[in-house]
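Dear colleague,

I am passing on the structure we spoke about, together with some notes on what was found in it. Please read the notes with the model open beside them.

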Amino acid sequence: MLQGNDGEVTIRLEGVIAHTNHGVTAAEQEVGQRMVFDLEMKPAECRATATDEVLDTVDYGEVTAWLIESAMDTRYRTLERLVTVLAEGLLENFRVDAVRLRATKPVPPVPVTMDGASVEIFRRRDEY
């Protein structure tokens, strides 16, 4: 059996894109828009640093599939609610102790040009 320190491992998924139907306006709810997700996770345990086995870490392929499916599953009016539901779902469904999730609308429905509108949330298992 391998012994050793897992160390501080952070898994990041950056620029995950999905077509979603979240928003206040009817157009956002019906037509939808591109949404970009950035996710940072702290695994509860990460023995993969020693074993090199996917089963000993959080499989980010599975996380990505879950994130996209969940983001498209239910429509929310606010990004605040969306990121809260997704962050709590990540804690429930994966072996992670903490998550930081940001959702960005690259082209929000506002009368000015901007690089995007984002909401970010941080959740820890011990606070949830």
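Before the details, one term needs fixing: two strands are taken to pair if DSSP finds at least two bridges between them. Please also keep in mind that this is a predicted model.

With that criterion, V36 has T104 in strand 3 as its bridge partner. Strand 2, residues 33-43, and strand 3, residues 96-105, are joined by eight bridges and run antiparallel, so the pair meets the requirement of at least two bridges.

These strands belong to an open sheet of four strands, which follow the order 1-2-3-4 with antiparallel pairing. Its edges are formed by strand 1 (11-20) and strand 4 (117-124), each of which pairs on one side only. On average, and with direction ignored, neighbouring strands of the sheet are turned by 15° against each other.

Two helices lie across these strands. Helix 3, residues 60-73, lies across strand 1, strand 2 and strand 3, and runs at about 30° to strand 1. Helix 4, residues 79-93, lies across strand 2, strand 3 and strand 4, and its angle to strand 3 is about 150°.

Finally, there is a point on the surface: V110, V112 and M114 make a nonpolar patch of about 240 Å². Of these residues, V110 is found in the loop between strand 3 and strand 4. The relative accessible area of V110 is 39%, so this residue is partly exposed, and it lies over the 30% that residues of such a patch must exceed.

With best regards

Notes. Residues numbered from 1 in each chain as written. Predicted model: local features only at pLDDT ≥ 70, side-chain atom pairs only at ≥ 80, totals over all residues. Heavy atoms only, no water. Axes fitted to C-alpha atoms, helices over the stretch in contact; angles between N-to-C directions. Contact = heavy atoms within 4.5 Å. Patch = residues over 30% accessible without salt bridge, like charges linked within 9 Å, V, L, I, M, F, W, Y side chains within 5 Å. Areas by Shrake-Rupley, 256 points an atom, 1.4 Å probe, with all protein chains shown as cover. Salt bridge = Lys/Arg side-chain N within 4 Å of Asp/Glu carboxyl O. Buried < 20%, exposed > 50% of the residue type's maximum accessible area, 1.4 Å probe, protein only.
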